[in-house]
Amino acid sequence: MESLYFMVLLGCLVKTITAGVTLEVKFVHYKNSEGEGSNGECCDGRSVFCFSACDHKFNICLDKATGANNIRDCPFGRFKSSEIPDADTITFGSSFGGVKNPMFFRMKSWPGSVKLKVEVHDADPGSNPSDHVDFLYREISEKVSPDRASSTTSSYTIKKRTTLSVKVRTYCDKDYYGAACDTYCIPQNNTKGHYTCDKTDGKRVCLPGWQGKFCDDDGVNECLDNDPCHNNHVCLDIPVGYECACPLGTSGENCSSVDFTCADTPCKNGGNCSSESGNVTCTCLPGWKGDICEEAVDPCAGNPCENNGTCSIEHFGFSCTCHDGFTGDVCNITDRTTISTFIESTTVTVIVDTTTGETSDVTTVNDTEILKTTTQLPETSTALRIASIMLKGRLLGDNREDVRKGMTNLLQKMLNLKGKVEIAINYKPAILPNGELVTNVLVHVEENGKTLEPETIQKVFQDTEIAVLEQYIPLPIYREGAPKTAPLLDGHPSWIHDNWYVVLVIFVVIIAMCICLTAFVVYKRKRSVRMGQKDVVARPNSGVSDAFPAQSFENSLYFEMNNHQRKSTNSRVKVNVNPTS
């Protein structure tokens with residue numbers, strides 16, 4: 001616990017030491033003439049009956065001059081006091097409610113003015129919440145003094161419902177200077193320099209006999225007075241004294257020691273030794289370097305192959321393996337027979353203004369997305385150096401937009417791109433030996449008209465974890481290397497994918513024809529049945545026949561039974577009217 005307290009105390013001391021300006025605020029007098037809270041009622045009492053004076057406590061806050069009028073924002077510090085019992089009028093001493101008076105607010109530099117905010121409450125006993133009394137605030141504008149001894153105090157009265165009187169002073173901390181106390185300077189007279197500090201602005205003032213930015217130059221050029229370095233070797237003037245640039249084969253303070261000559265065969269690895277005016281020089285064979293040809297040369301160091309070509313060491317030289325669209329010894333010649341066709345058929349350029357978040361409109365031309373702009377990939381071979389990333393799968397209409405947006409968001413995030421950003425994305429499908437389909441995506445980025453180095457973009461693709469990349473890019477990442485382009489794929493969607501609406505129309509027409517044919521067959525069948533069921537029904541007691549339309553089975557049965565009944569009735573009548581004999 002003691003060690004923790006010591007660390008906290010040390011942190012406070014460091015903060016004090018590294019400050020630049022101090023604002024002292026001293027409370028002088030406070031008056032709550034009515035002895036009431038902000039609700040208009042007595043602090044301690046009921047209704048109109050006041051039992052005792054208020055128990056004030058103060059919350060003091062220092063904010064920017066433009067800060068809000070609340071007690072929450074206190075970037076320059078705050079103090080809280082406990083209650084001062086039974087006092088509607090307070091004259092402050094060296095402390096109040098556990099807070100030392102004056103209060104010290106320390107800042108890195110003086111902003112010219114600040115806002116002092118004080119919230120006053122009446123403390124109630126027990127668990128009762130404190131009653132709000134007043135919220136006082138006032139802008140403090142002061143001219144900073146070089147130190148506390150030379151500073152003067154200013155008086156301010158802050159009045160609202162209640163009244164508070166304060167005194168303030170501002171001054172620079174030790175070793176800080178300037179109108180804002182933001183220049184740090186400590187006088188030196190040692191190897192770090194020889195100077196004092198100007199009391200006004202804190203600039204270094206060199207001690208007599210010294211000069212330079214840090215007052216560490218004695219002003220004497222020993223190389224001009226005489227030639228201390230033997231054999232006319234190069235003499236270098238330094239702030240204090242001189243140095244000799246000794247050539248190969250010599251050493252010592254003044255290059256007076258001879259270490260070797262050509263007779264000692266100092267040059268290694270077949271280097272040729274020559275001597276002139278005592279200076280030994282080794283001329284190295286190809287593939288070696290150094291003073292005595294002791295260091296082997298890596299011909300691929302720095303990657304001499306342009307446009308992301310691959311460098312290979314061969315004997316004492318190198319050769320470059322160029323990407324599609326480039327040729328030449330160092331891949332510096334653009335092969336327009338391939339690159340122009342490739343760019344024209346698959347270039348997608350995106351312009352994003354990161355200040356507004358707006359992206360330029362894109363239209364579809366010949367199944368390829370082309371931006372409405374004259375901006376294309378630069379024509380020079382140097383600018384055509386492009387970073388690449390390999391994705392599993394193929395870019396089609398349904399995922400091409402997602403890949404483009406994801407690539408844009410990825411590079412903006414990882415490279416912290418600002419302002420106007422132009423991203424040109426080229427893609428070309430390929431097939432691996434195992435039959436897997438991948439797409440090689442080439443990316444060219446310009447920020448505010450300046451081309452970003454492809455190495456920077458490639459580093460994002462290579463160093464970022466695949467899981468992070470796939471959070472932006474919807475297709476899986478492939479990192480086994482770029483395969484050869486498969487000629488059987490042209491990178492365009494299938495005919496059915498592009499002309500889906502034709503298939504849909506044909507399908508709808510077929511369905512409509514089937515419906516019409518079915519309706520026609522049903523109609524013809526009903527008509528044939530209706531004509532075949534027509535029958536001739538005889539009228540009763542008549543030899544004349546009338547043609548009746550065909551009836552249902554029930555109607556035919558009814559007529560049959562009715563005719564039979566009539567015949568039976570007529571027979572009985574005839575028997576009854578005959579005269580009896």
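Let's start with a single residue: Cys 262 has a relative accessibility of 25%, so it counts as partly exposed. Keep in mind as you read that this is a predicted model. Cys 262 has a partner, Cys 273, and the two form a disulfide with their sulfur atoms 2.0 Å apart. If the word is new to you, a disulfide is a covalent bond between the sulfur atoms of two cysteines. Cys 262 sits in the loop between β22 (257–258) and β23 (272–276), while Cys 273 belongs to strand β23 itself, so the bond ties together parts that are eleven residues apart in sequence. The torsion about this S-S bond is about -80°, which means the disulfide is left-handed. And what about the other end of the bond? Cys 273 is partly exposed too, with a relative accessible area of 22%.

Now zoom out for a moment. The chain has 581 residues, and 34% of them count as buried. It contains nine helices and 41 strands. The accessible surface comes to about 36100 Å², and 54% of that belongs to carbon and sulfur atoms. Here's another way to look at the chain: take the contacts between residues at least 6 apart in sequence, and 54% of them join residues at least 24 apart.

Back to the cysteines. How many disulfides does a search of the whole structure find? The count is eleven. One of them joins Cys 185 to Cys 197, with an S to S distance of 1.9 Å. Cys 185 lies in the loop between β15 (183–184) and β16 (188–190), and Cys 197 lies in strand β17 (residues 193–197), so this pair ties together parts that are twelve residues apart in sequence. Its S-S torsion is about -80°, so you can call this disulfide left-handed. Are its two cysteines buried or exposed? Both Cys 185 and Cys 197 are buried.

Another disulfide links Cys 206 and Cys 215, whose sulfur atoms are 2.0 Å apart. The torsion about the S-S bond of Cys 206 and Cys 215 is about -80°, so here again the label is left-handed. The two ends sit in different surroundings, though: Cys 206 is partly exposed at 28% relative accessibility, whereas Cys 215 is buried, with a relative accessible area of 0%.

Some cysteines stay unpaired. Why does Cys 514 have no bond to Cys 516? The closest cysteine sulfur to that of Cys 514 is in Cys 516, but at 9.4 Å it is too far for a bond. Cys 516 is likewise in no disulfide, with the sulfur of Cys 514 as its nearest cysteine sulfur. As for the surface, Cys 514 counts as partly exposed at 44% relative accessibility, and Cys 516 counts as exposed at 55%.

Next, have a look at a pair of strands. Strand β1 (residues 21–31) and strand β9 run antiparallel, joined by five bridges. One spot to find is Leu 23, whose bridge partner in β9 is Phe 105. In a regular strand the side chains alternate between the two faces of the sheet. You can follow this along β9 (residues 103–107): Met 103, Phe 105 and Met 107 are on the covered face, while Phe 104 and Arg 106 are on the uncovered one.

Finally, the aromatic rings. There are ten aromatic pairs in the count. Phe 92 and Phe 96 make an edge-to-face pair, 5.0 Å from centre to centre and with 70° between the planes. Phe 92 is buried at 9% relative accessible area, and Phe 96 is buried as well, at 5%. Phe 135 and Tyr 137 form a tilted pair instead, 5.7 Å centre to centre and with 40° between the planes. In that pair, Phe 135 counts as buried at 10% relative accessibility, but Tyr 137 counts as partly exposed at 38%. Rings can also join up into a group: ring pairs link Phe 27, Tyr 30, Phe 58, Phe 92 and Phe 96 into a cluster. For a last stop, find Tyr 195, where Arg 204 lies over the face of the ring, 5.6 Å from the ring centre.

Key:
Residues are numbered from 1 along each chain as its sequence is written. This is a predicted model: local features need pLDDT of at least 70, side-chain atom pairs count only at pLDDT 80 or more; totals for chains, interfaces and linings use all residues. Side-chain values use heavy atoms; hydrogens and water are left out. Buried means under 20% relative accessible area, exposed over 50%, partly exposed in between (1.4 Å probe, protein chains only). Helices (H or I, at least four residues) and strands (E, at least two) are DSSP runs, numbered from the N terminus. Two strands pair if DSSP finds at least two bridges between them. Contact means heavy atoms within 4.5 Å. Accessible areas come from the Shrake-Rupley method with a 1.4 Å probe; for residues, only the protein chains shown count as cover. A disulfide is a pair of cysteine sulfur atoms within 2.5 Å. Rings of Phe, Tyr and Trp (its six-membered ring) pair if their centres lie within 6.5 Å; planes under 30 degrees apart count as stacked, over 60 as edge-to-face and the rest as tilted. A charge sits over a ring if NZ of Lys or CZ of Arg is within 6 Å of the ring centre and within 35 degrees of the ring normal.
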